[in-house]
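Biologist: I should like a close look at one part of this chain, namely its helices and the backbone around them. Please set out what can be said there and on what terms.

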Amino acid sequence: MAATICFFSANPIRTSEFWPPNASLSPKSKPNLSVINTPFLSIPRFSSTCFGLFKKLNSIPILCKSISTISTSTTHYEFLDDPTELELRLELGDHDIQSPRDIFVDVDESSLAIRVRQSGSLKNLMETTCLYAKIKPAETIWYMDDDQLVVNLKKQDPDLKWPDIIESWESLAVGVMQLLKGTSIYLVGDSSEINEKIARELAIGLGYTPLNTKELLETYAKQTIDSWVIAEGSDSVATAESAILESLSSHVRAVVATLGGQHGAAGRADKWRHLYAGFTVWLSRSEATDEDSAKEEAKRNIQYGNQAYSNADVVVKLGGWDPNYAKSVAQASLSALKQLILSDKKLPGKKSLYIRMGCRGDWPNIKPPGWDPSTGGDASPIS
């Protein structure tokens, strides 16, 4: 299964397709540093593909490609996050290192590879193309400390707390929970089942409350959604769900799975007023048969906004659906949310302000107090 992550915000940042050559580093003299021992045992090989990452900059989508893999052998490592730098310590263990020249550390902004030469061949100690965030590769140093290899990395964003050296489900759950600052998440898309499955995974990871508008609607109406649509029409269902979303808009630390398809409020552009209270993730199944056509499909969805779902903050394209991969989709969603919030760290506070102003539908250009959405006035937004 492949996933395409698309995300956008009102505030532009520079994005680009980044495939630089690795910077090979030489050992430096050993500084006097202490370390907090947080051993992490052998990591199994993990691989995920995210293609077609878009940022909406003045209505122009820009493509980024990211293919992440994480692997180690049986290496144990310790990780320390200081305010401006990171320290990684790897146990060399039984590796017969004759000289620092037998160690190779290659880095770029978002990847790290550590190899040792043994018996004339290179062996991976650690390799990841998806560090938790970006580093300054030119300022990386490494040295040997007894039976440990110590690698010091400089963070590009000194204010960002790294839960781990790699971007994984565990590190994203911890890191994104901190970045969200209690802001709720709403999952939208054509499938109620997919929305519900991913909502549960996200809620477990973030420690949020999982909510399901389909269940709430059926409990309220004492009938299934299908029978409700037959009896009263889909407009009645969408209006009822919109009322539920209004009541949930003031909730914090919730992951809300919305009703899929045109029966739901999220499928109608005029009913997004209260969805803007949280971060919205569009889980979109792709009809593309290959990666390139999936990229084009994602680009069309974002650029032309021909579906109500294009109002979402984040789009995750699914090349198929299997419930067994729910956590992978949830991880892709967290990764895109992390990138979105890091592009504008004021977004959670802006969502909170939008709620306090009454969810008037003026997202993302929030108008001052007293603005009446029914008049359609052009009051200057709050900066």
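Modeller: The following account takes the confidence of the model, then a helix, a helix pair and the unusual backbone sites.

This is a predicted model, in which local features need pLDDT of at least 70, side-chain atom pairs count only at pLDDT 80 or more, and totals for chains, interfaces and linings use all residues. Residues are numbered from 1 along each chain as its sequence is written, and side-chain values use heavy atoms, with hydrogens and water left out. The mean pLDDT (the predictor's confidence in each residue, from 0 to 100) is 80 for the chain, and 77% of its residues reach 70 or more. Residues 1–72 have a pLDDT below 50, yet beyond near neighbours in sequence this stretch has 199 contacts in the model, a contact being heavy atoms within 4.5 Å.

Helices (H or I, at least four residues) and strands (E, at least two) are DSSP runs, numbered from the N terminus. Helix H1 comprises 12 residues, 169–180, and spans 16 Å from its first C-alpha to its last, close to the 16 Å expected at 1.5 Å a residue; the expected span is 1.5 Å times one less than the number of residues. Buried residues of H1 include Trp169, Leu172, Val176 and Leu180, where buried means under 20% relative accessible area, exposed over 50% and partly exposed in between (1.4 Å probe, protein chains only). Their cover includes strand E12 (185–188), helix H2 (192–206), strand E15 (279–285), helix H7 (326–343) and helix H8 (347–356). Lysine 181, with a positive phi near 55 degrees, follows H1.

Helix H3 (residues 213–221) packs against helix H5 (residues 234–248) at about 115 degrees, with the axes 10 Å apart. Axes are lines fitted to C-alpha atoms, for helices over the stretch in contact, and angles run from 0 to 180 degrees between N-to-C directions. H3 and H5 are therefore roughly perpendicular, the class for 65 to 115 degrees. Thr213, Leu216 and Leu217 of H3 make the contact with Val237, Ala240, Glu241, Ile244, Leu245 and Leu248 of H5.

Most residues other than glycine have a negative phi, and most peptide bonds are trans. Lysine 222, in the loop between H3 and helix H4 (225–232), has a positive phi of about 55 degrees and is exposed at 73% relative accessibility. Aspartate 146 also has a positive phi of about 55 degrees; this residue lies between strand E10 (141–145) and strand E11 (148–154) and is exposed at 72%. In the segment after H8 is proline 364, joined to tryptophan 363 by a cis peptide bond with omega near 5 degrees.

Conventions. Parallel < 35°, antiparallel > 145°, perpendicular 65-115°, else oblique.
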